[in-house]
Amino acid sequence: MVLTPRRTTQPDIIFVSNARLKIIEKAVMGAADLVVEVISPGGRTRDRIDKRDLYEQHGVREYWLVDPEARTVEVLYLEAGEYVLVGRWHSGESAQSRLLKGFAVPVAPLFGEG
């Protein structure tokens, strides 16, 4: 995902709405509507702070953080230029998108449970 000529990222999963498909070229040229990052060992600061700030500044409307250590999924939604926490879900629950009405992901299978 190319946010500026000097700022690119490789999110684990992205979603681009039909209305914005024109940003998909050889790379995604601009902010995706929804980005999912799986926090890797040693990458907590990068995903929770650095990428969060970057995605917030560039207008990624919804940011999901999948945390294998905590076994949680956090969903952040962009409101008035700042992320607000939609929710933090654990095993036995389903993470809910605010951007995509009706879209939910069961948490347990993400971590090889249930």
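Visitor: Leaving aside its neighbours within four places in sequence, which residues is Glu74 in contact with?
Guide: This is a predicted model, by the way. Glu74 sits in strand 6, residues 72–79. Once neighbours within four places in sequence are set aside, the contacts of Glu74 are Arg48, Tyr63, Trp64, Leu65, Leu85, Gly87 and Arg88.

Visitor: Is Glu74 buried or exposed?
Guide: The cut-off for buried is under 20% relative accessible area. Glu74 has 8% relative accessibility, so it counts as buried.

Visitor: Which side chain makes a polar contact of 3.0 Å with the side chain of Glu74?
Guide: The Glu74 side chain has a polar contact with the side chain of Arg88, at 3.1 Å. The polar contact at 3.0 Å is with the side chain of Arg48.

Visitor: Tyr63 came up among those contacts. Are the rings of Tyr55 and Tyr63 stacked or edge-to-face?
Guide: Both tyrosines, Tyr55 and Tyr63, are buried, and they form one aromatic cluster with Tyr83. Planes over 60 degrees apart count as edge-to-face. The ring centres of Tyr55 and Tyr63 are 5.1 Å apart and the planes are at 80°, so the pair is edge-to-face.

Visitor: Now the largest pocket: how many nonpolar residues are in its lining?
Guide: The space in this pocket is about 200 Å³. Among the residues lining it are Trp64, Phe15, Phe103 and Leu110, and strand 3 (13–15), strand 4 (34–38) and strand 5 (62–67) each give two or more residues to the lining. By class, there are no polar and no charged residues in the lining, and the nonpolar count is 12.

Notes. Residues are numbered from 1 along each chain as its sequence is written. This is a predicted model: local features need pLDDT of at least 70, side-chain atom pairs count only at pLDDT 80 or more; totals for chains, interfaces and linings use all residues. Side-chain values use heavy atoms; hydrogens and water are left out. On a 1 Å grid over the protein atoms alone, a cavity is a set of points where a 1.4 Å probe fits but cannot get out, and a pocket is an open set with protein on both sides within 12 Å along at least five of seven lines; lining residues have an atom within 4 Å of a point. Grid points are joined across faces, edges and corners, and a volume is the space filled by probe spheres set on the points. Helices (H or I, at least four residues) and strands (E, at least two) are DSSP runs, numbered from the N terminus. Ala, Val, Leu, Ile, Met, Phe, Trp, Tyr, Cys and Pro count as nonpolar, Asp, Glu, Lys and Arg as charged, and the others, Gly among them, as polar. Rings of Phe, Tyr and Trp (its six-membered ring) pair if their centres lie within 6.5 Å; planes under 30 degrees apart count as stacked, over 60 as edge-to-face and the rest as tilted. Buried means under 20% relative accessible area, exposed over 50%, partly exposed in between (1.4 Å probe, protein chains only). A polar contact is a pair of N or O atoms within 3.5 Å; within protein, one must be able to donate a hydrogen and the other to accept it, and residues adjacent in sequence count only if both atoms are side-chain atoms. Contact means heavy atoms within 4.5 Å.
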